[in-house]
Amino acid sequence: MAHEIEKEAASRAAVKFVQDGQVVGLGTGSTAAYAVQFIGDRVKSGLKIRGIPTSIHTREMATKLGIPLTGFDEVQQIDVTIDGADEFDPQLNLIKGGGGALLYEKVVASASRKLVIVADSSKQVAMLGSFPVPVEVITFALPLVRREIEQLGAAVVVRQKDGKPFNTDEGHHILDCHFGRIPDPPTLSRKLSDIPGIVEHGLFINRASVILVAHGDKVTELHRTK
């Protein structure tokens, strides 16, 4: 319950970054869902924006809330995206993808002028790695990719749902890669990106502009300095 209060507090604070007339990236996950709800409330009160969702689930939620949606066939850049994270470190590096939407999330983040991350206090860590790094993989290459990642030192598990491999919105599978402590996230990010068959991975390096982290009902803003 305490973390739910923090998620709500961080998300409520993040909505101030959304301004009239903007294109807004709509994140996925339990924390981002609060932000989408609060944006929907503002739309009902007259806010005029266009949203780009990061998953089918978020698209359905935004539609129910009456948030007008658009896509990259109509816009080239997003003004601000509000999304969650599974972990973040002091350099504002992120692990994302616990909800399975890391591919769309990274595409939207890369097209955003500002990426605002909302988080409860449990997501703030001294070093990434307690949460596994999700890696989205094409089915054909999964056994090869799994072995490559194991050679990097990870224990690798194929994500399951209802007794079957989890399918992403693009029909790929996810490997949850338990590296333990990750002292150099940028280097690991590059190594993963170099493996053929990996569509995308959940290390977000130099993406977050600001993180709003809640401790109780107090929200702290952490800004990337470079």
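**Cores, a one-faced helix and unusual backbone angles**

Student: In this predicted model, which residues does Ile-67 touch, leaving aside residues up to four places away in sequence?

Tutor: The structure is a predicted model, and the values discussed here are computed from it. Setting aside residues up to four places away in sequence, the contacts of Ile-67 are Leu-26, Val-36, Ile-39, Gly-40, Val-43, Ile-49, Gly-51 and Ala-62.

Student: Which element gives the most residues to the largest nonpolar core?

Tutor: The largest nonpolar core has 26 residues, and those with the most contacts inside it are Val-18, Ile-39, Ile-49, Ile-67, Ile-82 and Val-116. Two or more residues come from each of helix 1 (2-14), strand 1 (23-26), helix 2 (30-44), helix 3 (56-65), strand 3 (78-83), strand 6 (112-120) and strand 14 (210-215). With five residues, the element that gives the most to this core is helix 2.

Student: How do the buried residues of helix 5 lie around its axis, along one face or on opposite sides, and within what arc do they fall?

Tutor: In helix 5, which spans residues 142-151, the buried residues are Leu-142, Val-145 and Ile-149. Because these residues fall close together when seen down the axis, they line one face of helix 5, within an arc of 65°.

Student: Which residues are exposed on the other side of helix 5, and which elements do its buried residues pack against?

Tutor: The side of helix 5 away from its buried residues carries two exposed residues, Leu-144 and Gln-151. The buried residues, for their part, pack against two groups of partners that can be listed by type: the helix is helix 6 (185-193), and the strands are strand 7 (133-137), strand 8 (155-158), strand 11 (173-178) and strand 12 (198-201).

Student: What is the relative accessible area of Pro-134?

Tutor: Pro-134 lies in strand 7, and, not counting residues up to four places away in sequence, it touches Ile-95, Lys-96, Gly-97, Gly-98, Leu-102, Arg-159, Ile-174, Leu-175, Asp-176, His-201 and Gly-202. Buried means under 20% relative accessible area. Pro-134 therefore counts as buried, with a relative accessible area of 0%.

Student: How far apart in space are Pro-134 and His-178, C-alpha to C-alpha?

Tutor: In sequence, Pro-134 and His-178 are 44 residues apart. In space, the C-alpha to C-alpha separation of Pro-134 and His-178 is 8.9 Å.

Student: Is Leu-92 buried or exposed, and at what relative accessibility?

Tutor: Most residues other than glycine have a negative phi. Leu-92, although not a glycine, has a positive phi of about 65°, and its place is in the loop between strand 4 (87-88) and strand 5 (94-95). Since the cut-off for buried is under 20% relative accessible area, Leu-92 counts as buried, at a relative accessibility of 4%.

Student: At what relative accessibility does Asn-206 stand?

Tutor: Asn-206, another residue other than glycine, has a positive phi near 55°, and its place is in the loop between strand 13 (203-204) and strand 14. Asn-206 counts as partly exposed, and its relative accessibility is 43%.

Student: What is the length of the polar contact that joins the side chains of Lys-123 and Asp-120?

Tutor: Lys-123 is found in the loop between strand 6 and strand 7, where it is buried, with a relative accessible area of 15%. Not counting residues up to four places away in sequence, Lys-123 touches Lys-7, Ala-85, Asp-86, Glu-87 and Phe-88. The polar contact between the side chains of Lys-123 and Asp-120 is 2.7 Å.

Terms used:
Residues are numbered from 1 along each chain as its sequence is written. This is a predicted model: local features need pLDDT of at least 70, side-chain atom pairs count only at pLDDT 80 or more; totals for chains, interfaces and linings use all residues. Side-chain values use heavy atoms; hydrogens and water are left out. A nonpolar core is a set of buried Ala, Val, Leu, Ile, Met, Phe, Trp, Tyr and Cys residues joined through side-chain atoms within 4.5 Å. Buried means under 20% relative accessible area, exposed over 50%, partly exposed in between (1.4 Å probe, protein chains only). Helices (H or I, at least four residues) and strands (E, at least two) are DSSP runs, numbered from the N terminus. Contact means heavy atoms within 4.5 Å. The arc is that of the directions from the helix axis to the C-beta atoms. A polar contact is a pair of N or O atoms within 3.5 Å; within protein, one must be able to donate a hydrogen and the other to accept it, and residues adjacent in sequence count only if both atoms are side-chain atoms.
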